[in-house]
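I sat down with this one today and kept a short log of what I looked up. Here is the entry, starting with the structure itself.

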Amino acid sequence: MTVTLHVCITCRAGETLGEGETTPGKRLHGAILEAGVPDGVSVVPVECLSACNQGCSVALSAPGRWSYVYGRLSDANASDVVAGAAAYAAAPDGLVPWRSRPEIFRKQSLARIPPILPLAVVPEAAE
């Protein structure tokens with residue numbers, strides 16, 4: 001099963017960019033590709049993850065797994081992002097033990113989203 005690493009390429013990380021300058025998000029995307037994408041991980045550039053106040057951001061997801069959004073990243077974090085994506089790909093449910101995560105994934109998590117369950121197993125809301 002393929003894991004998707006979404007990288008926001010429009011992230012400006014609070015920078016004012018001149019004409020033709022590369023966004024920090026695009027630099028992060030390029031650095032991740034240069035660092036080497038782990039087997040089973042697909043890197044997908046996206047135009048916005050709506051974490052604009054949190055600097056550069058990425059999201060990890062796969063069918064049937066918890067999803068994560070991480071922020072306050074830069075191209076200097078590319079190797080840690082790749083290591084975190086590899087650990088996520090190895091976790092069948094997407095839950096990587098806290099101590100096994102790169103430090104940036106421990107401290108810079110913006111959201112954890114539960115897997116989508118089939119309608120037949122969604123518990124009824126408490127009243």
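My notes below go through one helix, a set of aromatic rings, two charges over rings and one loop residue.

**Before starting.** I reminded myself that this is a predicted model.

**Helix 2.** I began with the length of helix 2, residues 78–90. At 1.5 Å a residue, its 13 residues should span 18 Å, and I find the end C-alpha atoms 19 Å apart, which agrees. Next I asked myself which residues of helix 2 are buried. My list reads Ala 78, Val 81, Val 82, Gly 84, Ala 85 and Tyr 88. These buried residues sit on the same side of helix 2, because they cover an arc of only 165° around the axis. I noted the textbook background too: an α-helix has 3.6 residues a turn, so residues three or four places apart point the same way.

I then looked at what covers the buried residues of helix 2. Among the strands I found strand 1 (3–8), strand 2 (41–46), strand 3 (56–61) and strand 4 (67–73). Helix 1 (24–35) and helix 3 are part of the cover as well.

**Aromatic rings.** How many aromatic pairs are there? I count three. Tyr 68 and Tyr 70 make a stacked pair, with 5.9 Å centre to centre and 10° between the planes. I checked burial for these two, and both Tyr 68 and Tyr 70 are buried. Tyr 70 also stacks with Phe 105, at 3.7 Å centre to centre and 5° between the planes. I liked this pair for linking distant parts of the chain: Tyr 70 belongs to strand 4 and Phe 105 to helix 3, 35 residues apart. Phe 105 is buried, as is Tyr 70. Taking the ring pairs together, I get a cluster of Tyr 68, Tyr 70, Tyr 88 and Phe 105. Tyr 88 was already on my list of buried residues in helix 2.

**Charges over rings.** I went back to Tyr 88 and found the charged end of Arg 65 over its ring, 5.7 Å from the centre. The charged end of Arg 106 sits over the ring of Trp 98, 4.9 Å from the ring centre.

**Gln 108.** My last stop was the loop between helix 3 (103–107) and strand 5 (109–113), where Gln 108 lies. Is Gln 108 buried or exposed? Its relative accessibility is 16%, and the cut-off for buried is under 20%, so Gln 108 counts as buried. Setting aside neighbours within four places in sequence, I see Gln 108 in contact with Val 69, Tyr 70, Gly 71, Arg 72 and Leu 73. Tyr 70 thus turns up again, this time as a contact of Gln 108.

Conventions
Residues numbered from 1 in each chain as written. Predicted model: local features only at pLDDT ≥ 70, side-chain atom pairs only at ≥ 80, totals over all residues. Heavy atoms only, no water. Helix = DSSP H or I, 4+ residues; strand = E, 2+ residues; numbered from the N terminus. Buried < 20%, exposed > 50% of the residue type's maximum accessible area, 1.4 Å probe, protein only. Contact = heavy atoms within 4.5 Å. Expected span 1.5 Å × (residues − 1). Arc of directions from axis to C-beta. Phe/Tyr/Trp six-rings, centres within 6.5 Å; stacked < 30°, edge-to-face > 60°. Lys NZ or Arg CZ within 6 Å of the ring centre and 35° of its normal.
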